[in-house]
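Good morning, colleagues. I should like to take you through a few residues of one protein chain, and I ask that you keep the display in view as I speak.

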Amino acid sequence: MAIEDDVLVIGGGLAGASAALGAARGGASVRLVTHKENTLRNASGLIDVLGYHGSDEPIAEPFEAIPDLPDEHPYRKVGVDAVREALALFDEVVGELYEGGHTERNALSPTYGGRIKPTSRYPTSAAAGLASKEGDTLLVGFETVTAFDAPLAAERLDPSVPFEVRGVTIAFPGDLRSDARITRLARALDADELTERGRRVGTREALAERVAEHLGDAERVGFPAVLGDEEHHEVRASLGGELGVPVFEVPMGPPSLPGMRLEDGLYEALDEEGVRVESGNPVVGYTEEGGRITAVSVDRGRREIPYHADQFVLATGGLVGKGIDSSREGVFEPVFGCHVPQPAERYEWFHDEAFDDQPYARFGVAVDGGLRPLDPEGRPEFSNLRAAGAVLGGYDMAREKSGSGVSLSTGLVAGRRASEDIQ
């Protein structure tokens, strides 16, 4: 049976969620389909707008730098006001889960690798650890969380900040398996599991006791982002109370608890707006008529089910998420076959030095002012298809630290315009 909606969004990451919210708030009936787990749970949870542009010096005021970006940059397509509106929507949706909405200036957040990253919004759990706030800092790592080497991170941070940073590695309390995942550590803190039944000591108190031995003159303590899942506010407050100093999380790579918390917040908002979400099934084809997409085919257990809609938003991600793919023949967009501009000579795709400004990092679909993908002649591929997020070309999200802001703003604009076109 064909399924019909006003707007169908393909992709469940930050751009897809933003597009679905934008369309739903415009009055459209919206369905979001996503295949694999979205990239939110693999992301640090930091929301970057624009951290760098043209030099190694971090940008303090990202909105002032946007007008200087190239014309093909997604921010130039949607405009500065749309970026602000997208962040306002984000602030409203995530509520107390995030901070940073009080200013248009970037904050500086330490990373688990021992670097300083300019970011626009940061999880509340990371707020006490901002490098833009002075305070001697103790970083605490766990023997089983090898992704965060606290002494090494402290060594790298110390020369770049105006306060002292020390690092120590300790054993996580309790009788957990040596290969326990961070989600298991978080659950132990959530439940405050007993670690020594004879003393009836909970995980939180036991952890505070071990950290206190190393606290010294530190004015705050940072842990890898494992401080609870459902009860993360309570866990952090409990540890801070035991230690007598603020406690914060250092955003981590996958699996990322801050990313999972963000995912939960966004999907709760989608549910409240009436967006129907389906996950686990890929889009494998589409039909068109007269330059308009009429339906996409979703593979449900080897049965291709047509999903009809009036408007479509492509938010499937970039090279990492396979929203942009490549073969020996070239780089392509795999769902609708949209044109991806690329040099014919492959030696022009990259530079020899790994950390150079790489051309392939900007590969993606080109769009018009309405975010409609363009064919090689510069004409819209389909009149009712828009693209958002990392599938767009013309920017280097990793180098600029702009991925979250582009996803939020282009997603919001794509969703809004899709909704407007059904009126």
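**Three residues and a charged patch**

Let me begin with Asp 48, which counts as buried because its relative accessibility is 6%, under the 20% cut-off for that class. Please bear in mind that we are looking at a predicted model.

Where does Asp 48 lie? Asp 48 is placed in the loop that runs between β2 (30-34) and α2 (62-65). Its side chain has two polar contacts to report. One is with the side chain of Lys 117, at 2.8 Å. The other joins the side chain of Asp 48 to that of Thr 119, at 2.6 Å.

I turn next to Tyr 122, a residue of strand β6, which spans residues 122-123. Is Tyr 122 buried or exposed? With 4% relative accessibility, Tyr 122 counts as buried. As for its distance from Ala 15, the two residues are 107 residues apart along the chain, and 18 Å separates their C-alpha atoms.

Finally, let us consider the surface. Asp 264 belongs to helix α9, which covers residues 257-272. Its relative accessibility is 39%, so Asp 264 counts as partly exposed; that class lies between the 20% and 50% limits.

Which residues gather with Asp 264 in a patch of negative charge? They are Glu 230, Glu 231, Glu 268, Asp 271 and Glu 272, and the patch is on the surface.

To recapitulate, Asp 48 is buried, Tyr 122 is buried, and Asp 264 is partly exposed. Thank you for your attention.

Methods. Residues numbered from 1 in each chain as written. Predicted model: local features only at pLDDT ≥ 70, side-chain atom pairs only at ≥ 80, totals over all residues. Heavy atoms only, no water. Patch = residues over 30% accessible without salt bridge, like charges linked within 9 Å, V, L, I, M, F, W, Y side chains within 5 Å. Areas by Shrake-Rupley, 256 points an atom, 1.4 Å probe, with all protein chains shown as cover. Salt bridge = Lys/Arg side-chain N within 4 Å of Asp/Glu carboxyl O. Lys, Arg positive; Asp, Glu negative; His and termini not counted. Charge placed at Lys NZ, Arg CZ, Asp CG, Glu CD. Helix = DSSP H or I, 4+ residues; strand = E, 2+ residues; numbered from the N terminus. Buried < 20%, exposed > 50% of the residue type's maximum accessible area, 1.4 Å probe, protein only. Polar contact = N/O pair within 3.5 Å; in protein donor to acceptor, adjacent residues only side chain to side chain.
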